[in-house]
Amino acid sequence: MQARIETAMRRAIDAARERGSCLPNPTVGCVVLDANGAQVGVGATVRQGAHAEVEALAAAGDRARGGTAVVTLEPCRHVGATGPCTEALIQAGVARVVIAETDPHPEAGGGAAVLRAAGLEVETGVLAEEAEPRNRAWRFAVTHGRPFVTWKYAATLDGLSAAPDGSSKWITGPEARRDVQRFRSECDAIVAGTGAVLADDPRLTVRDADDLPLPFELQPLRVVVGESTIPTYYRVFDRVAPTLLVPSREPEEVLARLTEKHVKHVWLEGGPRLAGAFWKAGLIDRVIGYIAPSMLGSGRAALEGEAATLADLRPLQIDDLRMIGPDIRIVGTPGQAPRETYV
């Protein structure tokens, strides 16, 4: 039976991945097995919609009674936009609930105890390491009280992100640009400084393989920070995605404002000055760099900082290194960040 449980958990993890980000809520997958161990329902949390358990139970119907619910994150016990998933499982008559990760949220967490009190058998920690990557940023935000911050940059081999005339588009190839869209889709806010917006007029949206924007409801919040005025005809004010203006470049103020907006994962790009401010403040939790096999020789660096000597070097632990088309992608964690914040 344990082999069936692990197979079901991996299917639940896949279902969560296929559904995509549900931020500001966690991404969750669920599989329901009947009393004989046969899979009878699969579900994944819908952004601003039904939770994974409810979707899987609806697919299973009466076959859930006496069966097992296998879920990637501890079922919630609170009433939010939807009812508590613990109550849905109890009412469905499942006999056992198998959980990968516990929920750290002070209001939603604790569902396992509720289920046990209702007489259900509960097991936790099953394939937790495999389930954990889907919600690292969400878990960080819940436990740290601020959004997780990913800084993305693109540069040449000599570390430059723009030519002397300020032009910076298409440093990397199309494969890298598509890869960026995949990562962007996992965040719920894209942040850029007014200087970068005025210089490049970026869209700051998530786009599909045909370079078309995803539906409005799937777009992250576009956040433009700084005090310079952006003309209303710039693309950040189109109707493709929501936009927020924050008249400050202080990282703590920006993150405090986004915390008020329930943002869990910030995608920081566009402007070495803004990136430098976040870097200096120690508020970058992950770095994704795309390095093009080319040289500029002079121009603008990817990061603006105040290091005076080699003693000011800040280490970056490399978590992943691979080729994306002709470019190199580096994913790393700043040295001062604790290991559990990696994504």
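Which residues of helix α6 (residues 136–144) are buried? Here are some notes to read alongside the structure, which is a predicted model.

1. **Helix α6.** To take that opening question first, the buried residues of α6 are A137, W138, F140, A141 and V142. These buried residues pack against three strands, namely β3, β6 and β11. Have a look, too, at what follows the helix: just after α6, G145 adopts a positive phi of about 75 degrees.

2. **Strand β3 and its partners.** Since β3 has come up, it is worth a stop of its own. Strand β3 covers residues 68–73, and six of the six are buried, so the strand is largely enclosed by the rest of the structure. On one hand it is joined to β1 (residues 29–33) by four bridges, with the two strands running antiparallel; V32 stands opposite A69 of β3 in this pairing. On the other hand, five bridges join β3 to β4 (residues 96–101), and here the strands run parallel. L73 has E101 in β4 as its bridge partner.

3. **The eight-stranded sheet.** Next comes an open sheet of eight strands with mixed pairing, and if you trace it in order you will pass β10-β9-β8-β11-β6-β12-β15-β14. Its edge strands are β10 (243–246) and β14 (316–324), each of which pairs on one side only. On average, and ignoring direction, neighbouring strands of this sheet are turned by 20 degrees against each other. As a general reminder, strands of a sheet pair through backbone hydrogen bonds, either parallel or antiparallel.

4. **One pairing within that sheet.** For a worked example, try β8 (residues 189–193) and β9 (residues 221–225). These two run parallel and are joined by five bridges. If you would like one pair to find on screen, A192 has V224 of β9 as its bridge partner.

5. **Helix α7 over the strands.** Helix α7 (residues 174–184) lies across several strands: β6 (148–156), β8, β11 (265–268), β12 (286–292), β14 and β15 (327–334). Against β12, the helix runs at about 170 degrees.

6. **A196 and its surroundings.** Is A196 buried or exposed? At a relative accessible area of 13%, A196 is buried, because buried means under 20%. This alanine belongs to helix α8 (residues 194–200). Leaving aside residues up to four places away in sequence, A196 touches D201, P202, G270 and G271. The G270 contact brings together residues 74 apart along the chain, with 5.2 Å between the C-alpha atoms of A196 and G270.

7. **A nonpolar patch.** Turning to the surface, L316, I318 and L321 make a nonpolar patch of about 270 Å². L321 lies in strand β14, which is one of the edge strands of the eight-stranded sheet. With a relative accessible area of 56%, L321 is exposed.

8. **Salt bridges, starting within a helix.** Side chains of opposite charge can pair when their charged atoms come close. The count here comes to 18 salt bridges. One of them joins D14 and R17, whose closest N and O atoms are 2.8 Å apart. Both residues sit in helix α1 (residues 2–19), three residues apart, or about one turn of the helix. In general, an α-helix has 3.6 residues a turn, so residues three or four places apart point the same way. D14 is partly exposed at 27% relative accessible area, and R17 is partly exposed at 43%.

9. **A salt bridge between strands.** E123 and R96 also form a salt bridge, with their closest N and O atoms 2.6 Å apart. This pair links distant parts of the chain: E123 is in β5 (residues 121–123) and R96 is in β4, 27 residues apart. E123 is partly exposed, with a relative accessible area of 25%, whereas R96 counts as buried at 15%.

10. **Another pair, and a network.** R203 and D211 meet through their side chains in a salt bridge of 3.3 Å, N to O. R203 counts as partly exposed at 24% relative accessibility, and D211 is partly exposed at 39%. Finally, D179, R182, D320, R322 and R329 are linked in a network of salt bridges.

Methods. Residues are numbered from 1 along each chain as its sequence is written. This is a predicted model: local features need pLDDT of at least 70, side-chain atom pairs count only at pLDDT 80 or more; totals for chains, interfaces and linings use all residues. Side-chain values use heavy atoms; hydrogens and water are left out. Two strands pair if DSSP finds at least two bridges between them. Axes are lines fitted to C-alpha atoms, for helices over the stretch in contact, and angles run from 0 to 180 degrees between N-to-C directions. Contact means heavy atoms within 4.5 Å. Buried means under 20% relative accessible area, exposed over 50%, partly exposed in between (1.4 Å probe, protein chains only). Patches are made of residues with over 30% relative accessible area and no salt bridge: like charges are joined within 9 Å, nonpolar side chains (Val, Leu, Ile, Met, Phe, Trp, Tyr) within 5 Å. Accessible areas come from the Shrake-Rupley method with a 1.4 Å probe; for residues, only the protein chains shown count as cover. A salt bridge is a side-chain nitrogen of Lys or Arg within 4 Å of a carboxyl oxygen of Asp or Glu.
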